[in-house]
Amino acid sequence: MTDIPLVDLGVHHAPRDMRDRIALGFTRTLRFCADTFFAKRYGHRAIVLETVAAVPGMVGATINHLKCLRCMCDDKGWIRTLMEEAENERMHLMTFIEVAQPTLFERLVVLAVQWVFYLTFFGLYLVSPRTAHRIVGYFEEEAVISYTLYLKEIDEGRSPNVPAPAIARRYWKLPDDAMLRDVVLAVRADEAHHRDVNHGFASELAGIEPVARVAPYPEHADDIRAAA
Ligand SMILES: [Fe+2]
Ligand SMILES: [Fe+2]
């Protein structure tokens with residue numbers, strides 16, 4: 001079985017300036033909305049929020065790609081990293097859709113939120129990529145917390161620990177008898193990696209010390225089409 005990396009739950013980027021404080025305030029506001037809307041329905045929460053989480057990586061990759069074409073410069077590996085993040089978040093969605101079914105209202109929320117969030121984030125990334133990456137870093141801090149709470153729900157018997165969906169077993173190279181708990185551990189490790197990568201990008205753009213240690217990424221299937 002693939003070893004799922006342990007996650008440092010204490011990582012938090014302390015805001016250093018106004019942009020960081022705006023990013024943190026925006027994230028805390030959205031967290032409050034999600035807590036109010038979903039409460040402890042973690043399966044539904046994961047589905048709806050993963051449809052949002054898969055947007056920033058693709059936006060960042062697109063804008064960096066276009067910038068590199070215009071400036072005829074190297075991307076320092078950012079484009080592939082961001083595209084991989086978007087793909088990884090989409091696999092989180094494809095996994096949780098096997099665990100819970102969104103209500104019609106949640107599907108309508110996804111439709112509405114996607115366009116608002118896509119356009120807002122695109123505009124923000126054009127104006128301040130540093131703030132955009134900081135927001136994603138804070139989003140991912142919250143994702144690590146949410147999946148830790150989901151694990152607690154499973155461990156204390158309030159959420160059923162069902163067998164891991166086949167797509168998740170193939171994607172994270174889990175054994176045949178893997179359970180949902182193993183999947184949530186793997187997803188949380190992915191989020192911790194995104195957290196550190198995005199805080200690192202924001203810090204690099206701000207000209208400050210990047211993250212000292214990036215949380216290790218779990219192993220994923222080499223061929224995502226075979227996993228799906
Ligand atoms: Fe995710
Ligand atoms: Fe993430």
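This report describes the fold of the chain, its nonpolar core and the sites annotated on it, as seen in a predicted model.

**Overall fold**

The secondary structure of the chain amounts to eight helices and zero strands, so that, followed along the sequence, the pattern reads α-α-α-α-α-α-α-α. The C-alpha trace spans about 50 × 35 × 35 Å along its principal axes. A compact globule of 228 residues would have a radius of gyration near 17 Å, and the chain, at 17 Å, agrees with that expectation. Buried residues account for 36% of the 228 residues. Among contacts between residues at least 6 apart in sequence, 75% join residues that are at least 24 apart.

**Helix α2 and the annotated transmembrane region**

Helix α2 covers residues 42-71, and because 30 residues of helix at 1.5 Å a residue should span 44 Å, the separation of 44 Å between its end C-alpha atoms agrees with the expected value. Within α2 there is nevertheless a bend of about 30 degrees at Glu 50. The residue that follows α2 is Met 72, which has a positive phi, near 55 degrees.

Farther along the chain, an unreviewed UniProt entry carries the annotation "transmembrane region" for residues 108-127. In the model this stretch is 100% helix and 0% strand, and its end C-alpha atoms are 29 Å apart.

**The nonpolar core**

The largest nonpolar core holds 38 residues, of which Val 183, Val 184, Ala 186 and Ala 189 touch the most other members. Helices α2, α3 (78-96), α5 (129-155), α6 (166-171) and α7 (180-206) each supply at least two residues of this core, and α5 gives the most, with nine residues. Ala 186, when residues up to four places away in sequence are not counted, touches Ile 4, Trp 172 and Pro 218.

**The annotated binding site**

The unreviewed UniProt entry also places the feature "binding site" at Glu 89, Glu 140, Glu 191 and His 194. Although these positions span 106 residues in sequence, no two of their C-alpha atoms are more than 11.2 Å apart, so they gather at one spot.

Two of these positions can be followed in more detail, together with Ala 86, which is found in helix α3. Glu 89 also has its place in helix α3, while His 194 lies in helix α7. The table gives the burial of each residue.

| Residue | Other C-beta atoms within 10 Å | Class |
|---|---|---|
| Glu 89 | 25 C-beta atoms | buried |
| His 194 | 28 C-beta atoms | buried |
| Ala 86 | 19 C-beta atoms | partly exposed |

The cut-off for a buried residue is 20 or more other C-beta atoms within 10 Å, and Ala 86 counts as partly exposed because it has 19 such neighbours.

The contacts that follow leave out residues up to four places away in sequence. Glu 89 touches Glu 50, Ala 53, Ala 54 and Gly 57, and Glu 50 is also the residue at which α2 bends. Ala 86 touches Ala 54, Gly 57, Met 58 and Ala 61, whereas its C-alpha atom is separated by 10.0 Å from that of Thr 51, a residue 35 places away along the chain. His 194, for its part, is in contact with Glu 85 and Glu 140, and Glu 140 is itself among the positions of the annotated binding site.

How values were computed
Residues numbered from 1 in each chain as written. Chains lettered and ligands numbered in written order. Predicted model: local features only at pLDDT ≥ 70, side-chain atom pairs only at ≥ 80, totals over all residues. UniProt positions renumbered as here; feature names shortened; annotations may be inferred. Expected span 1.5 Å × (residues − 1). Bend = angle between axes of the 7 residues up to and from the residue. Rg over C-alpha atoms; globule rule 2.2 N^0.38 Å. Buried ≥ 20, exposed ≤ 12 C-beta atoms within 10 Å, placed from the backbone. Contact = placed C-beta atoms within 7 Å. Core = buried A, V, L, I, M, F, W, Y, C linked by C-beta atoms within 7 Å.
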